[in-house]
Each structure stands twice: as structure tokens, then as C-alpha cells.
Amino acid sequence: MSDKQTQTQLAVIGSGPGGYAAAFLAADLGMDVTLIDTAPNPGGVCLYRGCIPSKALLHVAKLLSEAKEAKNWGISFSEPKIDLPRLREWKNSVVAQLTGGLGRLSKQRKVNFIRGKATFNDSQSLKINTVAGAAQKLIFQQAVLATGSHPVTLPGVPVDSPLVMDSSAALALETLPKSMLVVGGGYIGLELGTVYASLGTKVTVVEMLPGLLPGADRDLIAVLAKKLNSAFTEIMLETTVKNIRVKKNGVSVQFQTGNGTELKKDYEKVLIAVGRKPNSANLGLENTKVQTDEKWFVKVDAQRRTGDPAIFAIGDVAGEPMLAHKAAHEGRTAVEVIAGGKSVFEPRAIPAVVFTDPELAWCGLTESEAKKQKREVSVTRFPWAASGRAATLGRSDGLTKIIFDSQTERVLGVGIVGPGAGELISEAVLAVEMAAVAKDLELTIHPHPTLSETVMESAAMLFGTGTHIYRPKRKR
Ligand code: NAD
């Protein structure tokens with residue numbers, strides 16, 4: 001019997017934040033859309049086993065750490081009791097609520113959601129092996145590839161042991177190990193390390209580079225590292241993992257430090273968080289004109305067109321940074337182009353947020369990038385010790401820095417470390433996108449008392465006129 005054959009105007013392969021944003025916009029613009037994914041509802045890695053479950057658990061981590069801090073303000077709680085099955089259930093209920101909501105939004109928009117795995121037969125059709133076990137052919141006019149990425153594994157490290165976890169396994173929160181090694185001091189390592197440490201696990205982080213989170217400015221990292229140094233048992237920098245051996249009740253890890261010393265330590269579990277790779281294999285791309293680069297990212301132009309005129313690619317599969325919000329905007333750009341618009345994906349700033357305690361967020365040009373580019377910039381730093389709101393939260397350790405063009409005083413980049421940095425950065429993204437200058441931020445009335453005032457005061461510091469800080473700089 002031949003496969004069932006259907007047609008669609010737009011096929012979107014992968015229903016993460018990029019894919020579903022593209023599919024929903026296309027449906028809103030009147031297109032006939034088919035969205036394909038193996039999961040029961042749209043959401044992708046972000047909702048099922050990434051951003052959302054990790055943020056639910058990081059909220060719990062924040063609560064536990066604030067409860068501890070409260071003794072400094074005369075409030076004492078007894079030691080928290082962790083009911084792991086109940087915590088897991090709550091985290092899963094958040095995921096179910098949001099993915100279910102996306103399923104309903106998809107139905108309301110009459111998006112045809114097919115549960116299955118799609119591969120390209122050619123530039124006009126897909127073969128879909130459905131989760132139900134059937135195969136079907138889908139003929140499309142245009143396709144958007146939004147298949148995301150998967151965790152990188154380390155050569156020689158066993159992946160089939162429950163003691164060696166990737167981010168998905170760590171988020172499943174099956175057990176709370178007494179000790180855990182996190183390999184990789186990037187986004188995932190630090191966020192999930194924070195979750196486990198707050199729940200009582202002794203967490204060690206090993207990072208091969210000389211510092212954590214290589215993309216961010218070091219003065220911001222210093223604030224975060226100070227706090228992480230007390231939350232984690234150990235942070236080993238410039239150290240690589242040579243070997244991981246799974247034993248009966250734990251793992252034995254061999255390290256090599258920057259000066260060549262070899263060390264051996266034992267942990268109950270290991271989390272590998274050394275980056276992600278694009279999901280561009282096994283899609284039948286060889287049957288189309290889509291091309292990939294040396295890192296397996298699909299090559300795209302500014303409109304997110306691939307080498308194949310009928311196929312667009314967005315999100316993690318189409319290049320760095322691998323961030324949900326970048327994927328969603330690329331998806332909307334691709335759909336606008338498909339609808340006949342002249343849109344291009346040319347952001348001046350894509351915000352990066354690490355949801356640790358304190359949060360770290362930055363956008364636009366960093367100070368270290370400015371140095372590398374030999375660009376003449378002026379940098380202001382407003383310490384949160386001078387923020388009234390930060391004092392009321394007992395969190396005076398934050399910092400808000402702004403990178404300005406020295407000549408035009410235009411805002412080129414902003415970095416913030418402190419609680420709520422992930423929310424505060426949006427104002428900075430708008431400033432960079434709208435080509436705001438220092439005066440725009442200084443003269444915009446910010447509500448008092450809020451942490452957002454640190455952005456206004458940091459801008460005023462360019463003129464040496466921040467109200468809550470005395471740093472005379474230059475005459476108006
Ligand atoms: P990452 O690139 O953020 O960090 C990986 C780290 O591992 C790097 O610092 C790297 O130097 C280090 N490393 C690589 N190989 C190593 C080795 N052999 N030994 C020790 N250290 C090693 O990657 P990630 O944390 O796996 O996250 C993957 C991607 O997911 C990120 O790039 C990010 O785009 C995305 N993400 C974003 C968020 C967020 O937006 N808050 C959260 C989680 C993940």
C-alpha cells in the first residue's frame with residue numbers, strides 16, 4: 001500500500017520556540033501550515049527539557065537561598081525538607097501546563113500538527129514517519145527547518161550510564177547525588193550546578209578555559225564567581241577531564257590541570273555540559289540544495305534562506321548563539337519573507353542571560369570585544385552598593401555597566417550582574433536597537449526604588465553626574 005499523501009503551503013520541521021513561533025505567525029498571516037515534531041505538543045527542548053524546567057528549579061534554588069539569607073534579617077526557618085517526587089511533579093506540571101497551552105494555541109490557529117519524524121525526499125516533499133507508526137508523504141511549497149540542537153558528548157566518556165548525565169537527565173531530577181562533577185562552566189553547567197547545590201549536592205565545576213562563561217566581561221563574571229565559589233564545593237579552571245570511569249556507586253574522574261598536573265577524584269554523578277551541536281544530520285538534506293558548514297550548521301542568508309530556494313532554516317540548526325529568543329525572531333523573519341515581505345534578521349543586540357544567582361545578562365558589544373576590535377569606547381560601572389533597591393533586597397553585590405561610543409555617546413552594549421538582571425537587560429536591548437545615547441537613558445525617568453535605576457545612573461556616570469555615586473568625570 002502506498003504512503004498517505006497530503007499537501008501544505010508551509011511545512012515547519014521542529015516545534016521548539018523557533019518552529020512554533022514561525023508556524024503560528026504563518027497561520028496568523030493566513031497560510032496553510034503543517035508543524036511536525038515527535039513530541040505530543042509544541043515546545044521543543046526549551047519547554048520540555050531546557051529553559052522552562054530549569055527555570056522552575058532555579059526558582060526553588062532562589063527560594064532556598066533566600067530562606068538561608070533571611071537569618072541576617074532576624075528571620076529563621078528550620079532546615080528545608082526536600083520532597084524530591086513532589087518537586088519533580090511540580091516542575092513537570094509547569095512543563096505540561098505550557099506545552100498543553102501551545103497545543104491549544106496551535107489548534108486555535110488551525111495549524112496541522114503531525115507527531116512524527118520528517119526527512120526530505122527532495123526540495124518539495126517530506127517523508128514523515130509518524131509516532132503512531134505510519135509513513136506519509138507531505139508535499140510543501142516552502143519549508144522551515146527548525147530542528148534545534150543536541151548536547152555534545154565527550155570522547156571516551158560513557159553515555160549509557162545513569163551516573164553520567166546530560167542536561168535532560170539532570171533536569172529529570174531522578175535522584176539527588178551527594179556529590180556531582182559538572183564538566184563545562186557555561187550556561188548549562190552553572191545553572192544546573194546552582195540547582196543541585198541548592199538542593200544539597202556538593203557540586204564541583206571543571207572548565208577547560210581560564211574563566212567561566214567565556215563570552216561575558218570578566219568584571220561581571222567576578223561578581224558571579226564570588227557567589228558561586230561559596231555555593232559550589234570547588235571550581236577548577238584551566239583543567240580538562242582526561243577520563244571518566246563508571247564504578248558501582250559512582251564515577252572516578254582523571255583531570256589534567258593547566259600546569260600539567262594529573263588529579264583523580266571520585267563523585268557520585270557527572271553532568272556533561274560542554275556545548276551543543278546542530279541537529280542537521282539524518283534529515284535527507286542531501287536530497288535538497290541545503291548546505292551545511294564545517295560545524296554542521298545549516299548555511300543561511302540574512303533572510304534565513306538556505307541554498308535551496310524552497311527551504312529556510314532558523315534557530316540552533318542555523319547558527320550561534322543557540323538561544324530560544326533568537327530562534328523565535330528568526331522564525332518570524334523567515335515567515336515574513338515567505339509571505340512576500342522584505343524582512344531581514346539583523347539584530348544589533350541579542351541578549352544573553354544566565355539564570356544563576358546572581359543572574360548575569362549582557363547585550364550588544366562587550367568591553368572585551370571592544371578591546372579586540374580596538375574600538376574607542378567609554379565604559380561606566382554602577383555598583384549596586386549605591387542602589388537603594390539592592391540594599392532592601394540584601395543584594396548590594398550587583399553591577400550595571402554600559403559601553404558607549406566615546407565620540408557619539410551612543411549605547412553599544414550593556415552588562416548587568418545581580419538578581420533580576422535577566423529582566424533588566426530588555427531596556428538595554430531596546431537602547432542598543434534604538435541607537436539611544438547616554439542622555440536618553442539618563443533623562444528617562446525610572447521608577448524609584450527599583451533596580452532599573454542602575455541603568456539610568458550608570459548612564460549619568462558618563463558625565464560624572466550619577467546622583468547616588470560620586471565619581472566626577474568630565475564637564476558637560
Ligand atoms: P556553553 O557553550 O555555554 O558552555 C560550555 C562550556 O564547556 C564552555 O565554557 C567550554 O569552554 C567548556 N568546555 C568544553 N569542553 C570542555 C571540556 N572537555 N572540559 C571542560 N570544559 C569544557 O554550553 P552549554 O552550557 O552546554 O549550553 C549549550 C548552549 O545552550 C549554550 O551555548 C546556550 O546557547 C544554550 N543555553 C542557554 C541558556 C540560557 O539562555 N540561559 C541556558 C542553557 C543553555
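This passage describes the salt bridges and the ligand surroundings in a predicted model.

The structure contains 20 salt bridges. In one of them, the side chain of Glu 191 pairs with that of Lys 55, with an N to O distance of 2.8 Å. Glu 191 belongs to helix 6 (residues 187–198) and Lys 55 to helix 3 (residues 51–69), so this pair ties together parts that are 136 residues apart in sequence. The two partners fall into separate burial classes under a scheme in which buried means under 20% relative accessible area and partly exposed means between 20% and 50%. Glu 191 counts as buried because its relative accessibility is 7%, whereas Lys 55, at 24%, counts as partly exposed.

A salt bridge also joins Lys 401 and Asp 219, whose closest N and O atoms are 3.1 Å apart. Here strand 20 (residues 399–405) supplies Lys 401 and helix 7 (residues 218–231) supplies Asp 219, so the parts tied together are 182 residues apart in sequence. Lys 401 has a relative accessible area of 0% and is therefore buried. Asp 219 is partly exposed, with a relative accessibility of 21%.

Helix 7 also contains Lys 227. The side chain of Lys 227 forms a salt bridge with that of Asp 357 at an N to O distance of 3.9 Å. Asp 357 is located in the loop between strand 17 (352–354) and strand 18 (360–364), and the pair links distant parts of the chain, 130 residues apart. Lys 227 counts as partly exposed because its relative accessibility is 21%. Both residues take part in a network of salt bridges with shared partners, which consists of Glu 69, Lys 227, Asp 357, Arg 395 and Asp 397.

The ligand is surrounded by 21 residues, of which Ile 188, Glu 207, Gly 275, Met 322 and Val 353 come nearest. By class, this shell comprises 14 nonpolar, 4 polar and 3 charged residues. Helix 6 contributes the largest share of the shell, 3 residues.

Polar contacts to oxygen atoms of the ligand involve both side-chain and backbone atoms of the protein. In the side chain of Glu 207, an N or O atom is 2.6 Å from a ligand oxygen. A backbone N or O atom of Gly 275 is placed 2.8 Å from an oxygen atom of the ligand, and for a polar backbone atom of Tyr 187 the corresponding distance is 3.2 Å. The ligand taken alone exposes 840 Å², and 82% of that area is buried by the protein.

Notes
Residues are numbered from 1 along each chain as its sequence is written. This is a predicted model: local features need pLDDT of at least 70, side-chain atom pairs count only at pLDDT 80 or more; totals for chains, interfaces and linings use all residues. Side-chain values use heavy atoms; hydrogens and water are left out. A salt bridge is a side-chain nitrogen of Lys or Arg within 4 Å of a carboxyl oxygen of Asp or Glu. Helices (H or I, at least four residues) and strands (E, at least two) are DSSP runs, numbered from the N terminus. Buried means under 20% relative accessible area, exposed over 50%, partly exposed in between (1.4 Å probe, protein chains only). A residue is near a molecule or strand if one of its heavy atoms lies within 4 Å of it. A polar contact is a pair of N or O atoms within 3.5 Å; within protein, one must be able to donate a hydrogen and the other to accept it, and residues adjacent in sequence count only if both atoms are side-chain atoms. Accessible areas come from the Shrake-Rupley method with a 1.4 Å probe; for residues, only the protein chains shown count as cover. Ala, Val, Leu, Ile, Met, Phe, Trp, Tyr, Cys and Pro count as nonpolar, Asp, Glu, Lys and Arg as charged, and the others, Gly among them, as polar.
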